[in-house]
Amino acid sequence: MPDSMSEQLRRDMECEGLLECFHGLKQLDREVFQTLVGTGEPLTVDEIADHVDRERSTAYRAVQRLLTAGFIQKEQVNYDQGGYYHVYKPTDPAEIADNMQRLLNDWYAKMGQLIQEFETKYEGEQDASAPPVGD
């Protein structure tokens, strides 16, 4: 069960916690992302799996989650004699930060709307259940 917002605000959150908070990413996903950032060059899924000491299929699932969240990019490398393979590299941190800011703004607007709906609903019910004035 996710922590309440007040619990999240009370605890110290590190930069990497944003990956989990915004996108529900796992520890392995963070390791894969940090590996791609740390190597400074695009890697294949097999190379990523070696770096994080996991099976290829496990590393591939982490790569897919990172792709979906926009934290990494996939590039196709073509062989001269035909065929191709994919490599992965981190997305520009400024682009990731902009996307997280947009998500936060959308979330903030949605929460504001829900708070307004809460106030309207329960203020109306409270007014309806109040005894008439002057009786």
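Start with the whole chain coloured by secondary structure: walking from the N terminus, you pass elements in the order α-α-α-α-α-β-β-α. That gives six helices and two strands in the protein. Keep in mind that this is a predicted model. Of the 135 residues, 20% are buried.

**Stop one: a pair of Phe rings**

Now for the aromatic side chains. How many aromatic pairs does a search of the whole structure find? It turns up three. Select Phe-33 and Phe-71 and show their side chains. Their ring centres are 5.7 Å apart and their planes meet at 85°, so this pair is edge-to-face; the label applies to planes over 60 degrees apart. Zoom out a little to see what the two rings connect. Phe-33 belongs to helix α3 (residues 27-39), while Phe-71 sits in the loop between α5 and β1 (72-78), so the pair ties together parts that are 38 residues apart in sequence.

Buried or exposed: which word fits Phe-33? With 15% relative accessibility, Phe-33 counts as buried, because the cut-off for that word is under 20%. Phe-71 is buried too, at a relative accessible area of 2%.

**Stop two: along helix α6**

Next, select Phe-118 and Tyr-122. Here the ring centres lie 4.8 Å apart and the planes are at 50°, so the pair is tilted. Both residues are in helix α6 (residues 93-129), and since they are four residues apart, about one helical turn separates them. Turn on the surface and check each one: Phe-118 is exposed at 54% relative accessibility, whereas Tyr-122, at 39%, counts as partly exposed.

Stay with helix α6 and select Tyr-108, which is also found there. Tyr-108 is exposed, with a relative accessible area of 62%. Add Leu-104 and Trp-107 to your selection: together with Tyr-108, they make a nonpolar surface patch of about 340 Å².

**Stop three: the loop after α3**

Go back towards the N terminus and click on Gly-40, in the loop between α3 and α4. Gly-40 counts as exposed, at 69% relative accessibility. Then add Lys-89 and draw a distance line between the two C-alpha atoms. What separation should you get? The answer is 8.1 Å, although Gly-40 and Lys-89 are 49 residues apart along the chain.

**Stop four: Asp-53 and its charged company**

For the last stop, select Asp-53. Where is Asp-53 placed? Look in the loop between α4 (45-52) and α5 (56-69). Asp-53 has a relative accessible area of 68%, so it counts as exposed; the word is used for values over 50%. Take a look at the backbone as well: Asp-53 has a positive phi of about 55°, even though it is not a glycine.

Finally, keep Asp-53 selected and add Glu-41, Glu-47 and Asp-50. What do these four residues form? They make up a negative surface patch. Colour the surface by charge if your viewer offers that, and pick out Asp-53 in the α4–α5 loop again.

**Before you close the viewer**

Try flipping between two of the views. One is the edge-to-face pair of Phe-33 and Phe-71, and the other is the tilted pair of Phe-118 and Tyr-122. A pair of aromatic rings is described by the distance of the centres and the angle of the planes.

Technical notes
Residues numbered from 1 in each chain as written. Predicted model: local features only at pLDDT ≥ 70, side-chain atom pairs only at ≥ 80, totals over all residues. Heavy atoms only, no water. Patch = residues over 30% accessible without salt bridge, like charges linked within 9 Å, V, L, I, M, F, W, Y side chains within 5 Å. Areas by Shrake-Rupley, 256 points an atom, 1.4 Å probe, with all protein chains shown as cover. Salt bridge = Lys/Arg side-chain N within 4 Å of Asp/Glu carboxyl O. Lys, Arg positive; Asp, Glu negative; His and termini not counted. Charge placed at Lys NZ, Arg CZ, Asp CG, Glu CD. Phe/Tyr/Trp six-rings, centres within 6.5 Å; stacked < 30°, edge-to-face > 60°. Buried < 20%, exposed > 50% of the residue type's maximum accessible area, 1.4 Å probe, protein only.
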